[in-house]
Amino acid sequence: MLLFRSEGTVARWCEARGLPQRPLVRLDQLWQLALTWYANRLTEESRRPAPDEMAGIFAAIGLHGGFWDPKADHWRRG
Amino acid sequence: MDHDSFETRVKLAIYGAFAGAGRAPTSRDVAAALGATADAVEAAFDALHARRLLVTEPGDRSRIRMAPPFSGIATPFRVAVGDRTYDANCAWDALGIPAALHADAVIHASDGHSGEPITLVVRDGAPVPEPCVIHFAVPAAHWWDDIIHT
């Protein structure tokens with residue numbers, strides 16, 4: 001995912017690549033994701049949130065909808 | 001030693017090396033640190049990849065491309081913490097480095113379209129407000145289809 005100064009430069013980036021514009025995330029929302037994913041990453045117990053946990057994490061910071069649904073992403077948790 | 005505890009030791013060695021030196025260790029570096037063989041460490045790399053904690057270089061499982069939030073190669077997301085500088089894999093991981101290190105940071109990045117420099121500051125446990133937005137081009141279900149692209 002990329003950083004942009006404004007929604008306008010996102011639109012131009014998408015247009016230049018023929019890609020659809022996806023939901024935008026605010027800096028404060030991204031910080032909450034960074035804390036949730038990485039605050040304990042250097043510890044013995046660290047793990048990446050599993051798909052069934054991720055949907056709740058996204059919803060708690062206002063990221064709703066099918067774009068944020070990781071249920072099709074299967075991998076070994078632990 | 002069982003596989004899970006060895007895997008955990010490998011994970012901690014990788015993250016300790018990234019945090020302390022700002023760059024990725026090789027499987028030989030980790031093997032030397034743990035008194036293990038490079039083959040055993042590379043098997044642990046594979047297991048950590050399956051847990052979405054590690055990505056090795058395509059075609060070379062001895063070298064680490066990503067141990068999120070850290071990048072093993074130079075990227076457009078440079079994160080300064082104290083006197084060390086780290087590379088992050090993306091905007092999320094750029095914030096992930098101060099989150100993981102529990103430290104203030106200055107992130108040197110740029111607008112994905114125009115290239116305009118954007119500096120983000122994390123101070124006292126939160127980012128200082130800065131005009132910007134983050135665009136996720138890939139839906140969550142497909143982030144790990146090609147995580148280097150994502």
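This section describes a predicted model of chains A and B, covering confidence, the fold of chain B, the core and the contact between the chains.

The predictor gives the complex an ipTM of 0.91 and a pTM of 0.91. For chain B the mean pLDDT is 93, and 95% of the residues of that chain reach 70 or more. For chain A the mean is 88, with 91% of residues at 70 or more. Among the elements of chain A, helix α2 (residues 27-38) has the highest mean pLDDT, 97, and helix α3 (residues 51-60) has the lowest, 89. Over residues 74-78 of chain A, pLDDT stays under 50, and the model has eight contacts beyond four places in sequence for this stretch. Where pLDDT is low, the predicted coordinates should not be read in detail.

Chain B is assigned two domains, domain 1 (3-67) and domain 2 (78-127). Taken over C-alpha atoms, the centres of domain 1 and domain 2 of chain B are separated by 24 Å.

One open sheet of chain B has three strands in the order β1-β2-β3, with antiparallel pairing. Strands β1 (55-57) and β3 (70-71) of chain B are the edge strands, each of which pairs on one side only. Strand β2 (residues 60-67) of chain B is joined to β3(B) by two bridges, and these strands run antiparallel. Within this pairing, A67(B) stands opposite F70(B) in β3(B).

Another open sheet of chain B is formed by five strands in the order β5-β4-β6-β7-β8, again with antiparallel pairing. The edges of this sheet are β5 (84-87) and β8 of chain B, and each pairs on one side only. Strand β4 (residues 78-81) of chain B is joined to β5(B) by four bridges in an antiparallel arrangement. In this pair, R78(B) stands opposite D87(B) in β5(B). β4(B) and β5(B) form a hairpin with two residues between them, and G82(B), in the turn, has a positive phi of about 60°. β4(B) is also joined to β6(B), with three bridges and antiparallel direction. Here V79(B) stands opposite I107(B) in β6(B). Farther along the strand order, six bridges join strand β6 (residues 105-110) of chain B to strand β7 (residues 117-123) of chain B, which also run antiparallel. The bridge partner of A105(B) in β7(B) is V122(B).

The largest nonpolar core has 52 residues. Those with the most contacts inside this core are L30(A), A34(A), I14(B), A67(B), A91(B), A94(B) and I97(B). The element that gives the most to this core is α4(B), with eight residues. The core lies between domain 1 (3-67) and domain 2 (78-127) of chain B, because both domains give residues to it. Not counting residues up to four places away in sequence, I14(B) touches P25(B), V30(B), L54(B), I64(B) and A67(B).

Residue Y15(B) is placed in helix α1 of chain B. Y15(B) counts as buried because it has 20 C-beta neighbours inside 10 Å, and a residue is buried if 20 or more lie within that distance. Outside the residues up to four places away in sequence, Y15(B) touches R41(A), L42(A) and A67(B). The C-alpha atoms of Y15(B) and A100(B) are 9.9 Å apart, although 85 residues separate the two along the chain.

Between the chains, 38 residues of chain B are in contact with 42 residues of chain A. On the side of chain B that touches chain A, the elements that give two or more residues are α1 (3-21), α4 (91-101), β8 (126-127) and β9 (133-135) of chain B. The largest share, six residues, comes from α4(B). By class, this side of chain B has 27 nonpolar, six polar and five charged residues. Strand pairing also links the chains: strand β2 (residues 24-25) of chain A is joined to β9(B) by two bridges, and the two strands run antiparallel. In this pairing, H135(B) in β9(B) is the bridge partner of L24(A).

Conventions: Residues are numbered from 1 along each chain as its sequence is written. Chains are lettered from A and ligands numbered from 1 in the order in which they are written. This is a predicted model: local features need pLDDT of at least 70, side-chain atom pairs count only at pLDDT 80 or more; totals for chains, interfaces and linings use all residues. Two residues are in contact if their C-beta atoms, placed from the backbone, lie within 7 Å. Ala, Val, Leu, Ile, Met, Phe, Trp, Tyr, Cys and Pro count as nonpolar, Asp, Glu, Lys and Arg as charged, and the others, Gly among them, as polar. Two strands pair if DSSP finds at least two bridges between them. Domain bounds come from an automatic or database domain assignment. pLDDT is the predictor's confidence in each residue, from 0 to 100. A residue is buried if 20 or more other C-beta atoms lie within 10 Å of its own, exposed if 12 or fewer, and partly exposed in between; C-beta atoms are placed from the backbone. A nonpolar core is a set of buried Ala, Val, Leu, Ile, Met, Phe, Trp, Tyr and Cys residues joined through C-beta atoms within 7 Å.
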